[in-house]
Amino acid sequence: MKVGVLVKQVPGSDRVKIDRKTGKMHREEMEAVPNPKDLYAIEAALRIKETLPGVEAVAISMGPLRAREVLEEAIAMGCDRGVLVSDPALSGSDTWVTAYVLARLVQKYESFTLLLAGERSTDGETGQVGPELAALLDIPVVTSVSAISEITPTTLTVKRELEEGIETISVTLPAVIAVTKAVAEPRLPTLGGKKRARASSIPVFTLKDLGLQKEEVGLPGSPTRVTQVFYPTFLRQTQMVDEKDPERVAEWLIRLLETKGIL
Amino acid sequence: MKKIKIFVLAEVREEYIHPVSFELLHWGRKLLWNSPGEVVALVLGATLRSTLEELIAYGGDRVEFFTHPNLSVFDAQTHAQVLLPFLREEKPDIILAAATVRGRALMPYLAAQLQTGLTADCTDLALEVKTGLLLQKRPAIGGNVLATIKTPHHRPQMSTIRPRLQKPLPRDERRTGVITIHRLESCPVPRVKRLCLEKKETSTLLEDQELIIAGGRGLKHPKNFALLFEIAHLLHGAVGASRVAVDMGWVSYPHQVGLSGKTVSPKIYLAVGISGAVQHLSGVMNAETIIAINKDPQAPIFRVADFGAIGDALEILPHLYRKLKARNDHAVQES
């Protein structure tokens, strides 16, 4: 049984350079880290690997060549191998194109019984690629999964956190599952794992390998366009209290809450 | 002038139409403000305990209800399989859904199969005057900036919208519309089965609180959040937090307010030691009154607050606690 984990490299801080015209991030010039929420998906895959015999855990990423770092991290944590999709033409791809490219990779080179994803990335914060990939592969998707309680080669029992409560559901495999932070605390990479990661070769698939054209991907292939990036102004008229003494500020607060009918 | 067809996916939770659906109808009506067109509500479910007329009263022109026993559990794949033929035939210009667990799973599933764009978690929508294109605003890049996103050439244009940014329109029973019930003869068997549901107590929802006192980086330590909980208790309110405070492990995720947490609309939002990144502000802008306390006079939170005080939260909170406690003890004695 093959379990895939979708991972992504994201900016290490919120100070990111963006092209104001295209809304594209300058991913080449910044410190990059694994998307923190993907680590939970990796951990979930590793626990499945420890539960069932004969499970291979494969980390998959699409990004610039340096995104191999995030795959090495996944291997260092315990994944068996990593696969990278990288091509200069992919820069600027939106979620639809990303899912389209990953679907092609899965259909052409790797088929999975289960695909795991983090809840969302800390940069784009859409959480859309998982469900979009499921749609293109025509398999079920379950998002907001806070626990994986049972796995067999054909079904998975999970807890899904809905707004109104926690639902226990079973899903027939193959499927895409997006997990939340509650699923399992990610382990740290081991020394042996790091050595293995450095020694492992990570195959890179280009557009040509996937049989895709430049026009289908990147900015040209993306249905959505960022047309403007701006610093918002949520301005309100602010009344500042001219008071430095902490006790007086506390008194001012209480009076304010009184006038607002809270106290 | 071309008519604009706006579809909204009504949110059905446990056989009831959730009020967020009425917010979506309001967004739809707002977009049509200056243009001819219709707002159509799509509803899926096995049985429904709400009445479909509600969706007309809250702003829909048309309601399409798809029903089959297989639609009792929420499964993006099955729901998409039911909706796709209808969407392909009707060709809406715009589809809106709530940025909830269901909306955020079903919309990308639909968008991928319709080969069109989807913008997640929008905080504002408008129609571009010149082109009639949907302008979708959302916080981007860790919530530090806002981006406007368009889907110029693909149809439909699809967005999920943060709940609670728009109140429903006032209920109008005189409104009329067409309700069609599609009793499906066949429906795919979902590959997702519900085994059980543990319901949450709704009264504890942060979104429903009148007063929220929220802490951020300036609180520095989990023990100061304990103090915040005490104060919130005395004020009969709840505790909120910025992303930093949650990431540091000072307080748990359900308390997180902002783009990556909850959108709240309390009467009073008291922000303590929160500088006010866009990602946080996006979640609090609907508060009736915002009060901010921060050491840094330049903190962006002061630009959005109605009332502000410059000071160290760690010095002010203990005084606030003692004074509130004294008041409370006094009140208890009197009674």
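The following exercises, each with a worked solution, concern a predicted model.

**Exercise 1. Determine how the end-to-end distance of helix α1 (residues 36-51) of chain A compares with the span expected from its number of residues.**

Solution.
- Step 1. Helix α1 of chain A has 16 residues, and a rise of 1.5 Å a residue is used.
- Step 2. The expected span is 1.5 Å times one less than the number of residues, which gives 22 Å for this helix.
- Step 3. The end C-alpha atoms of the helix are 24 Å apart, which agrees with the expected value.
- Step 4. The buried residues of α1(A) include Lys37(A), Asp38(A), Leu39(A) and Tyr40(A), and also Ala45(A) and Leu46(A).

**Exercise 2. Describe chain A as a whole: which elements does it contain, and what percentage of its residues is buried?**

Solution.
- Step 1. Chain A contains 8 helices and 13 strands.
- Step 2. The C-alpha trace of chain A spans about 65 × 45 × 40 Å along its principal axes.
- Step 3. Chain A has 263 residues, of which 50% count as buried.
- Step 4. Among contacts in chain A with a separation of 6 or more, 69% come from residues 24 or more positions apart.

**Exercise 3. Explain why Leu31(B) is classed as buried, and identify which residues it touches.**

Solution.
- Step 1. Leu31(B) belongs to helix α1 (residues 20-31) of chain B.
- Step 2. The cut-off for a buried residue is 20 or more other C-beta atoms within 10 Å. Leu31(B) has 21 such atoms and is therefore buried.
- Step 3. Leaving aside residues up to four places away in sequence, Leu31(B) touches Ile6(B), Leu125(B) and Leu127(B).
- Step 4. Leu31(B) and Leu127(B) are 96 residues apart in sequence, yet their C-alpha atoms are 6.3 Å apart in space.

**Exercise 4. Establish why strand β11 (residues 157-161) of chain B is described as largely enclosed, and which strands pair with β11(B).**

Solution.
- Step 1. In β11(B), 5 of the 5 residues are buried, so the strand is largely enclosed by the rest of the structure.
- Step 2. In a regular strand the side chains alternate between the two faces of the sheet.
- Step 3. Gln157(B), Ser159(B) and Ile161(B) point one way from β11(B), whereas Met158(B) and Thr160(B) point the other way.
- Step 4. Strand β6 (residues 94-98) of chain B runs parallel to β11(B) and is joined to it by 5 bridges; here Ile94(B) stands opposite Gln157(B).
- Step 5. Strand β7 (residues 118-122) of chain B also pairs with β11(B) in the parallel sense, over 3 bridges, and Leu118(B) stands opposite Met158(B).

**Exercise 5. Trace the order of the open sheet of 6 strands and identify its edge strands.**

Solution.
- Step 1. The order is β13(A)-β18(B)-β17(B)-β16(B)-β14(B)-β15(B), with parallel pairing.
- Step 2. The edge strands, each paired on one side only, are β13 (239-240) of chain A and β15 (238-241) of chain B.
- Step 3. Within the sheet, β17 (residues 289-294) and β18 (residues 307-310) of chain B pair over 4 bridges, and Ile293(B) stands opposite Ala309(B).
- Step 4. Helix α5 (residues 222-234) of chain B lies across β14 (211-215) and β15 of chain B, at about 170° to β14(B).

**Exercise 6. Characterise the contact between the two domains of chain B.**

Solution.
- Step 1. Chain B is divided into domain 1 (4-183) and domain 2 (202-334).
- Step 2. The C-alpha centres of these domains lie 33 Å apart.
- Step 3. In domain 1 of chain B, 12 residues are in contact with 10 residues of domain 2 of chain B.
- Step 4. The side of domain 1 that touches domain 2 has 5 nonpolar, 4 polar and 3 charged residues.

Terms used:
Residues are numbered from 1 along each chain as its sequence is written. Chains are lettered from A and ligands numbered from 1 in the order in which they are written. This is a predicted model: local features need pLDDT of at least 70, side-chain atom pairs count only at pLDDT 80 or more; totals for chains, interfaces and linings use all residues. Helices (H or I, at least four residues) and strands (E, at least two) are DSSP runs, numbered from the N terminus. A residue is buried if 20 or more other C-beta atoms lie within 10 Å of its own, exposed if 12 or fewer, and partly exposed in between; C-beta atoms are placed from the backbone. Two strands pair if DSSP finds at least two bridges between them. Two residues are in contact if their C-beta atoms, placed from the backbone, lie within 7 Å. Axes are lines fitted to C-alpha atoms, for helices over the stretch in contact, and angles run from 0 to 180 degrees between N-to-C directions. Domain bounds come from an automatic or database domain assignment. Ala, Val, Leu, Ile, Met, Phe, Trp, Tyr, Cys and Pro count as nonpolar, Asp, Glu, Lys and Arg as charged, and the others, Gly among them, as polar.
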